[in-house]
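The following exercises are to be worked with the sequence and the three-dimensional structure at hand. Each task is followed by a solution in steps.

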Amino acid sequence: MTAEESRARQGYRNIEQGEEIVENQVVHPVKLHRSDGFAVLKIAIAAVVWWVAYSALQPVTEWLAYDVIGLARSSHLGQSVAFFLYDVPKILLLLSGTIFLIGVVRTFFSPERTRALLGGKRQGIGNVLAAMLGIVTPFCSCSAVPLFIGFVESGIPLGVTFSFLIAAPVINEVAVVLLYGLFGWRIAGLYIASGLTIAIVAGAIIGRLHMERYVEDFVWQLPAAQGGFEEHLAWTDRISRAWQSVKDIVGKVWLYVIAGIAVGAVIHGYVPESALAGIMGKQAWWSVPAAVLLGIPLYSNAAGVIPIVSALMEKGASLGTVLAFMMSVVGLSLPEMIILRRVLKPQLIAVFIGTVGIAIIMTGYLFNLVL
Amino acid sequence: MLNIKILGSGCANCKRLEAVVQKVVAQKGMEAEIEKVTDYAEIMKYPILSTPGLVIDGKLMQAGRIPSETDIARWLEQASAQQSA
């Protein structure tokens, strides 16, 4: 191990099994090491490079499209190419920056800490807190089962656990960044607010229905595992983890982003305006439930859906219908249901899908009505 | 001989973790038995909330992410030092 690596390891240790999780534990005091100074410098340089690249995007892409490639400014092809050249790096830059920042925030919110924060909370306030923690806690649907068992075993109410499980996949950073990049702040904000509301309300309803007996019996019979897994991280660890998540996520979605924006550009050129107004517009009352039903078997990450969604909207689909479709794709995925079937009996799965589905449909109608 | 357990029910990261662990074990020329634990009742005996989990000689070292190769190598060396002590 090099000297720098061992410096980075200072302040990093695993607490062994057997120690109790302290409720409402305070975030570890920040210890600054010398290697932290280098890390801060590196981040400052990266931030400046990011900002310069972001502000240079528009002039550079216009110069590329019109002067280097030589397309006419007024031509449709010229505008599409400029749009594509501008949008792809813009979205990728926004994604990298946001994922990095959220990645740092998330090193403070492990599932273990979230569980400790939710411990002892009642229905109601617990649902609100759980939905909000769902935004910042790192979560992958492949971990849904251990998380579910760990939550309910430690005494967190079923409804509160569901509020978390609904919010975590629906409000994810990729979805919010893409909505912001393609539609602006208003729609990204609406999406976050409605995702939170759906998670809180659906979780509260599931809690009210007292469905504990529809959790698979083995869950209640498991002996509660003692203690918890807790890490103490130095800032260099947090930064390298955030950087790792940028590489992981951007590495996974960049192709979808490019393909989606390209498809959007083609649709932009060749599909007539308002072609979809008849089937996905506000007039078609059945379009919202149809969009939600269609979204359940479709399993994709937000990066794959949003560019398609933006093309649909451009051709006359209404915002409520489109947002309902998106939430259904990310929030009600068939693979996650199959995973959760290991711990939930079919009745509870059905109630889960039904409650969240109805909540999404109502949100879709509401947006179609007021916007 | 070290006993290594990979906790996780066949997620993509569990397979990646297993590959990384195998690589480090081979590099270090250590004798280790690598076990994949996919049964949730078994997995939940450890205080784990997210997979994959890495257990070395009965101790949970990491949960929810793939540790770096240097970390894994360090943990393996510590564990084998403890065994010979």
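The expected span of a helix is 1.5 Å times one less than its number of residues. Helices (H or I, at least four residues) and strands (E, at least two) are DSSP runs, numbered from the N terminus. The model is predicted: local features need pLDDT of at least 70 and side-chain atom pairs count only at pLDDT 80 or more, while totals for chains, interfaces and linings use all residues. Residues are numbered from 1 along each chain as its sequence is written, and chains are lettered from A and ligands numbered from 1 in the order in which they are written.

**Exercise 1. A helix of chain A**

Compare the expected span of helix α5 of chain A with the distance between its end C-alpha atoms.

Step 1. Helix α5(A) covers residues 125–136, and its 12 residues should span 16 Å at 1.5 Å a residue.

Step 2. The end C-alpha atoms of α5(A) are 17 Å apart, which agrees.

Step 3. Buried residues of this helix include A130(A), L133(A) and I135(A) (buried: 20 or more other C-beta atoms, placed from the backbone, lie within 10 Å of the residue's own). Among the elements that cover the buried residues of α5(A) are α4 (111–118), α7 (158–170) and α9 (185–208) of chain A.

**Exercise 2. The fold of chain B**

State the order of helices and strands in chain B, and judge its compactness.

Step 1. Chain B has 3 helices and 4 strands, in the sequence pattern β-α-β-α-β-β-α.

Step 2. The radius of gyration of chain B, taken over C-alpha atoms, is 12 Å; this is close to the 12 Å that the globule rule gives for 85 residues, so chain B is as compact as a globular protein of that length. The globule rule is 2.2 Å times the number of residues to the power 0.38.

Step 3. Of the 85 residues in chain B, 40% are buried.

**Exercise 3. The sheet of chain B**

Describe the sheet of chain B and the pairing of strand β1(B).

Step 1. The sheet is open, with 4 strands in the order β2-β1-β3-β4 and mixed pairing (two strands pair if DSSP finds at least two bridges between them). The edge strands, β2 (32–37) and β4 (59–63) of chain B, each pair on one side only.

Step 2. Strand β1(B), residues 2–7, runs parallel to β2(B) and is joined to it by 6 bridges. With β3(B), residues 53–56, strand β1(B) pairs in the antiparallel sense over 4 bridges.

Step 3. I4(B) has I34(B) as its bridge partner in β2(B) and stands opposite I56(B) in β3(B).

Notes:
A residue is buried if 20 or more other C-beta atoms lie within 10 Å of its own, exposed if 12 or fewer, and partly exposed in between; C-beta atoms are placed from the backbone. Two residues are in contact if their C-beta atoms, placed from the backbone, lie within 7 Å.
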